[in-house]
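Me: Please take a close look at a single part of this model and describe how that part is set among its surroundings. A connected account would be preferred to a list.

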Amino acid sequence: MDSFLQAALDEARAGLAEGGIPIGSVLVLDGRIIGRGHNRRIQQGSAVLHAEMDCFENAGRLSAAQYQRCILYSTLSPCDMCSGASLLYKIPKIIVGDNVNFTGPEDYIRSRGIDVVVINDAECIALMSDFIQYNAALWHEDIGE
């Protein structure tokens, strides 16, 4: 596993340790992590703090040119909301740790010019699979089901 996906996985584990949903994300600009986040919907009582949204928020305000040089890493395939933010800011590449447990609109965002690379890392898959098995209600709430 590369160090950026590992950093996203560390974020996912931090979220789980806080009592949240174990999804993590990092935003990389020019080979350096500039934002980290994890799903904090439960912890913050938030409707929108998915890992990628938390990561974008923690990266702070960037110029359009900076966003267009970023790579977003996520332990789980980004949902419609998080994919939409990536499209809005023209993030050119998303690295996905797991699209076995959940597949967001990957084909759509590819059709809009984002390079989506699916790793299907065993640790990312197992972390999410275990969580879903024991916390199905929270998981379904998180994905709007």
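Reply: Helices and strands are DSSP runs numbered from the N terminus, a helix being H or I over at least four residues and a strand E over at least two. The model is predicted: local features need pLDDT of at least 70 and side-chain atom pairs pLDDT 80 or more, whereas totals for chains, interfaces and linings use all residues. Residues are numbered from 1 along each chain as its sequence is written, and side-chain values use heavy atoms, with hydrogens and water left out.

A convenient place to begin is Asp142, which lies in helix 8. Asp142 is buried, its relative accessible area being 6% (buried means under 20%, exposed over 50% and partly exposed in between, for a 1.4 Å probe and protein chains only). Leaving aside residues up to four places away in sequence, Asp142 touches Ile21, Ile23, Asn39, Arg41 and His50, a contact being heavy atoms within 4.5 Å. With Arg41, the side chain of Asp142 makes a polar contact of 3.2 Å (a pair of N or O atoms within 3.5 Å; within protein, one must be able to donate a hydrogen and the other to accept it, and residues adjacent in sequence count only if both atoms are side-chain atoms).

Helix 8 (136-142) also takes part in the packing of helix 7, whose buried residues pack against helix 1 (3-17) and helix 8. Helix 7 comprises residues 122-134, 13 in number, and spans 18 Å from first C-alpha to last, close to the 18 Å expected, that is, 1.5 Å times one less than its number of residues. Buried in helix 7 are Cys124, Leu127, Met128, Phe131 and Ile132. Seen down the helix axis, these buried residues fall within an arc of 125° (taken from the directions from the axis to the C-beta atoms), so they line one face of helix 7. On the other side of helix 7, the exposed residues are Ala122, Gln133 and Tyr134.

At the N-terminal end of helix 7, Asp121 acts as a cap, with a side-chain oxygen 2.9 Å from the backbone nitrogen of Glu123. Asn120 belongs to the loop between strand 5 and helix 7 and has a positive phi of about 50°, although it is not a glycine. Asn120 is partly exposed, at a relative accessible area of 31%.

That loop leads back to the sheet, an open arrangement of five strands in the order 2-1-3-4-5 with mixed pairing; strands pair if DSSP finds at least two bridges between them. Strand 2 (32-38) and strand 5 (115-118) are the edges, each with a single partner strand, so one side of each lacks a neighbour in the sheet. Neighbouring strands are turned by 15° against each other on average, direction ignored.

Strand 1 (residues 24-29) pairs with strand 2 in the antiparallel sense over six bridges. Ser25 has Gly37 of strand 2 as its bridge partner, and Leu29 has Arg32. The two strands form a hairpin with two residues between them, and Asp30 in the turn has a positive phi of about 50°. Helix 3 (residues 51-59) lies across strand 1, strand 2 and strand 3 (70-74), running at about 135° to strand 2; axes are lines fitted to C-alpha atoms, for helices over the stretch in contact, and angles run from 0 to 180 degrees between N-to-C directions.
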